[in-house]
Amino acid sequence: MAPRLSLISPDFTRLWFGQAVSSVGDMVFSTTLMLWVATVLAKDESWAPAAVSGVLVAGGIAVLVVGPIAGVFVDRWDKRRTMLGTEVLRGGLVALLAVVSFLPADALPAGVWLTLVYGTVLLLHAAARFFAPARFTIIADLVTGDADRARAAGITQATSQTALIIGPPLAAPLFFTLGVQWAMLFNALSYLVSYVAISSVRVAPAEKAAVDGSGTGKAAGHRSGVLREFVAGLRFFGRSRFLVALLVFAVIGQFGVGALNTLNIFFTTENLGMSAKLFGYVGMAIGVGGIVGALCAGRVVQWIGARRTTWVSLLVSGALLVAYSRQTGFVGGIILLVLFTIPLTVLNTAMAPLLLSAASAEYRGRVVAVFQPMTQLAAMVAAALSGWLAGTLLRDFDGSVAGLRFGPIDTIIAVAGLCILLSGLYARGALPDPETSEDGVPAGGPDGHEGAGEPAAPAEETAAPAAAVRSAAPPRRGSTE
């Protein structure tokens, strides 16, 4: 029997290949950007944590300003052309920053460098607001049926986590030996590869119809206004108790992982005593946990059901993050990071097919455009708050409880774990009953039965809490963040 050379379909395989290459490029770029800000641009400064959190805040601002309205245009535009256009724009932005970064670090004031970094991240995230919903819709069109969509989701998730394993350990040696410029050029080249892969995907012509405020299809030439279509998307989202429940606990969970994203480089170097040159292995640990979680997700959902998987995953990951905050050694910290990522990845892979089922074709762009900015807002607030607390109010904090000593960074991460625990408690009581939600979307799985089928999910498209655990802020291709 001849070996199968495609994943689900040739077009999906080409789309996947572009994602695989570009995700590695993004991880190299993300880790390098984090190291550059923390160890060069803000080196030995009390405001270094705030500078790192500023990267996350810049991306969050773009999401909040552009994200909500981007879904309306994505629902109108040709999805493939939208993706191609954003890849050209993002590749050009990264290449431009790479050229400027060849200047010596002392050639410009730190404030100017940070402005360039924040501006680039802001524009990258703004372009990603159009890319992510378009990719979400194309995958839904290329892959039909719950079983194949589950397979596509698992492949997407595992690929992204594999990039976490490969990218960060590659980034740190490149940064400390060759410099920040080469990581940026590597990422710019990966956008080119993504462009070529997307251009080879054959997508059926989109139906030239739009949706008015009442949900009725209209011809393209008689579209209602952008504001009216946006409001229609909000109403569609708000009427779904299932979507609202997913959004609320994802937002609460983001308060937890947002703090970890911002402070993890300081926690690993100060609390765990790890050299900054080894920081890439932190991303590698998260990637290993993500792959294990993606492989286990289907079995876990079949075993305990999708609804229970959701809140149990949040409770377990919250407890593990609290345990991580108490670590003082490199080995223990890395092990806890792996274990922490596993249940969050199980959560992501279990819930994204449900999001697909809840979003009808004409509203997919707007559903993503509502879901993602709200979770990004939570991550942005968490990043800003944690960076501010670590650099100012809690900078000299030193306390003890029951013989356990607490410093500023580990205290904030412990509170972040409690936030994830809180989201798990909310999810346990707020999700619809396993049989059927009130808006007709199955609460247990795409086929309407908890644990049935093979639920696996493109976590990149869900913006669920686990999607926020990464080395730095610039958006990965195919993500909604």
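Helix α8 has a kink of about 60°, centred on Leu-263. The model is a predicted one, and this helix is a convenient place to enter it. α8 runs over residues 241-271, which is 31 residues. From its first C-alpha to its last it reaches 42 Å, close to the 45 Å expected at 1.5 Å a residue. Of the 31 residues in α8, 23 are buried, and the helix is mostly covered. Just after α8 comes Gly-273, with a positive phi of about 70°.

A second bent helix lies earlier in the chain, at residues 48-76. This is α2, with 29 residues. It reaches 42 Å between its first and last C-alpha, close to the 42 Å expected at 1.5 Å a residue. The bend in α2 is about 45° and sits at Val-66. A proline, Pro-68, follows Val-66 within four residues.

Helix packing can be followed with α3 (residues 79-100) and α6 (residues 180-199). The axes of these two helices are 8 Å apart, and the angle between them is about 165°. Because angles over 145 degrees count as roughly antiparallel, α3 is roughly antiparallel to α6. Their crossing is left-handed.

Which residues of α3 meet α6? On the α3 side they are Arg-80, Met-83, Leu-84, Glu-87, Val-88, Arg-90, Gly-91, Val-94, Ala-95, Leu-97 and Ala-98. On the α6 side, the residues they meet include Gln-181, Met-184, Leu-185, Ala-188, Tyr-191, Tyr-195 and Ile-198. As a rule, an α-helix has 3.6 residues a turn, so residues three or four places apart point the same way. In α3, Arg-80, Met-83, Glu-87 and Gly-91 are among the residues that meet α6.

Thr-82 is also found in helix α3, but it is not listed among the residues that meet α6. Is Thr-82 buried or exposed? Its relative accessibility is 8%, so Thr-82 counts as buried, the cut-off for that class being under 20%. Leaving aside residues up to four places away in sequence, Thr-82 touches Trp-77, Phe-130 and Ala-134.

The rest concerns the chain as a whole. Its secondary structure comes to 14 helices and four strands. The chain has 481 residues, of which 59% count as buried. Among contacts between residues at least 6 apart in sequence, 84% join residues at least 24 apart.

Technical notes: Residues numbered from 1 in each chain as written. Predicted model: local features only at pLDDT ≥ 70, side-chain atom pairs only at ≥ 80, totals over all residues. Heavy atoms only, no water. Expected span 1.5 Å × (residues − 1). Bend = angle between axes of the 7 residues up to and from the residue. Buried < 20%, exposed > 50% of the residue type's maximum accessible area, 1.4 Å probe, protein only. Axes fitted to C-alpha atoms, helices over the stretch in contact; angles between N-to-C directions. Parallel < 35°, antiparallel > 145°, perpendicular 65-115°, else oblique. Left-handed = near helix turned anticlockwise from the far one by under 90°. Contact = heavy atoms within 4.5 Å.
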